[in-house]
Amino acid sequence: MTENLAASIGALQEMIQEARIVAGFTGAGISTESGVPDFRSADSPWMRNKPIPFQHFVQSADARREAWRRKFVMDDLYRDARPSRGHHGIASLVGSGRMPAVITQNIDGLHQASGLSGEQVIELHGNGTYATCLSCGRRHELDWIRRHFEATGDPPDCVDCGGVLKSATISFGQAMPEGPMRRAQKLMASCDLCLVVGSSLVVYPAAAFPAFAKENGARLVIVNREPTPLDSMADLVIHAEIGSVLSAFVP
C-alpha cells in the first residue's frame with residue numbers, strides 16, 4: 001500500500017468516526033472483484049447479452065424468450081460469485097450501526113450474501129436472483145423457471161394468476177421502484193456522510209442521490225478505480241481497488 005493510499009484510508013476512517021449517519025451507495029465496481037462483469041467495459045459480456053427493453057419484453061413473446069435466454073447466459077458467467085472484500089467492508093459498517101443501510105445499483109444479491117438483511121439493502125435496480133409476476137407480484141424462483149424454459153423453450157406463467165414472469169430487475173424503460181426510491185431519498189436526506197463505492201455515477205436517476213446528499217450538507221466520499229462526474233464536488237476521492245480500501249473496515 002502506498003503512503004498516499006494509507007493516508008486516504010486514514011482520512012476516510014476519521015470521517016466515518018465523526019459521522020452520525022453514513023449512507024452507503026454502491027455500484028458495479030464493488031462486485032467486479034467477485035467476478036461479476038460490469039456493464040460498460042468494452043469487452044463486457046453484457047454488451048453481447050444486452051437486457052431487453054421493458055416495452056419489448058411486455059409486448060412480444062419472442063422478446064421474452066430471448067430475454068430469458070440472455071438472462072441464463074449471464075447467470076452462468078457469475079454463478080459462483082461470492083461477496084468481495086468491499087461487500088464485507090460495507091457489511092461491517094452496517095453492523096457497527098453507523099450505516100443504517102446501503103443503497104445499491106447492483107442486482108446480484110451479494111450485499112445480502114455478505115450478511116445484510118433485505119431491510120439493510122435498498123435496491124434501486126431490483127434483484128436478479130429471483131423473478132416476479134408483472135401482474136400480481138408473486139415471487140418465483142429461477143431454478144424452476146429455468147427447468148421449464150430449457151424443457152419447453154418458453155418461460156412459464158405465474159402459478160397464481162397466469163401472468164408474465166420477469167426477472168425482478170428494473171429494465172430499460174421500466175419505472176423505478178417507488179419504495180426503494182423513497183427509502184434512498186430519506187437516507188440521503190438524513191445522512192451527514194455519503195460513501196460512494198464502485199459507481200461510475202452516470203446512470204440516472206440513481207446517480208442523483210449522492211449529489212443530493214452533498215447539496216443537503218453531507219460530506220461526500222467517492223471510492224472508485226476511475227474518475228466520476230462528481231469527483232470535483234467530493235470531500236475525498238480515492239482512486240484505488242475497492243477491496244484494498246474497504247478491507248480496512250473489516251474486523
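**Exercise 1. The end of helix H6**

Task: Which residue follows H6, and what is the sign of its phi?

Solution. Gly-97 follows H6, and its phi is positive, near 90 degrees. Helices (H or I, at least four residues) and strands (E, at least two) are DSSP runs, numbered from the N terminus. The model is predicted: local features need pLDDT of at least 70, side-chain atom pairs count only at pLDDT 80 or more, and totals for chains, interfaces and linings use all residues. Residues are numbered from 1 along each chain as its sequence is written, and side-chain values use heavy atoms, with hydrogens and water left out.

Now go to the start of H6. There, a side-chain oxygen of Ser-84 comes within 3.2 Å of the backbone nitrogen of Gly-86. Then list the buried residues of H6 (residues 85-95): Gly-86, His-87, Gly-89, Ile-90, Ala-91, Leu-93 and Val-94. Buried means under 20% relative accessible area, exposed over 50%, partly exposed in between (1.4 Å probe, protein chains only).

**Exercise 2. Helix H5**

Task: Find what caps the N-terminal end of H5, then determine where its buried residues sit around the axis.

Solution. Start with the length. H5 (residues 61-77) has 17 residues and spans 25 Å from first C-alpha to last, close to the expected 24 Å. The expected span is 1.5 Å times one less than the number of residues.

List the buried residues: Ala-63, Arg-64, Ala-67, Trp-68, Lys-71, Phe-72, Met-74 and Asp-75. They cover an arc of only 165 degrees around the axis, so they lie on the same side of H5. The arc is taken from the directions from the helix axis to the C-beta atoms.

Finish with the cap. Ser-60 caps the N-terminal end, with a side-chain oxygen 3.2 Å from the backbone nitrogen of Asp-62.

**Exercise 3. The open sheet**

Task: What is the strand order of the open sheet of 3 strands, and which strands lie at its edges?

Solution. The order is S5-S4-S6, with antiparallel pairing. Strands S5 (139-140) and S6 are the edges, since each pairs on one side only. Two strands pair if DSSP finds at least two bridges between them.

Next, count the bridges. S4 (residues 126-133) and S6 pair over 4 bridges, in the antiparallel sense. Gly-126 has Thr-169 in S6 as its bridge partner. Ala-131, in strand S4, stands opposite Ser-167 in S6.

Check burial. In S6 (residues 165-169), 5 of the 5 residues are buried, so the strand is largely enclosed by the rest of the structure. Ala-168 of S6 is buried at 12% relative accessible area. Its C-alpha lies 5.6 Å from that of Gly-126, although the two are 42 residues apart along the chain. Ala-131 is buried too, at 0% relative accessibility.

**Exercise 4. The loop from S7 to H10**

Task: Where is the cis peptide bond, and what is phi of Leu-201?

Solution. The cis bond joins Tyr-204 and Pro-205, with omega about 10 degrees. Pro-205 sits in the loop between strand S7 (193-197) and helix H10 (208-215). Leu-201 lies in the loop between S7 and H10 as well. Phi of Leu-201 is near 55 degrees, positive in a residue other than glycine. Is Leu-201 buried or exposed? Leu-201 is buried, with a relative accessible area of 1%.

Technical notes:
Polar contact = N/O pair within 3.5 Å; in protein donor to acceptor, adjacent residues only side chain to side chain.
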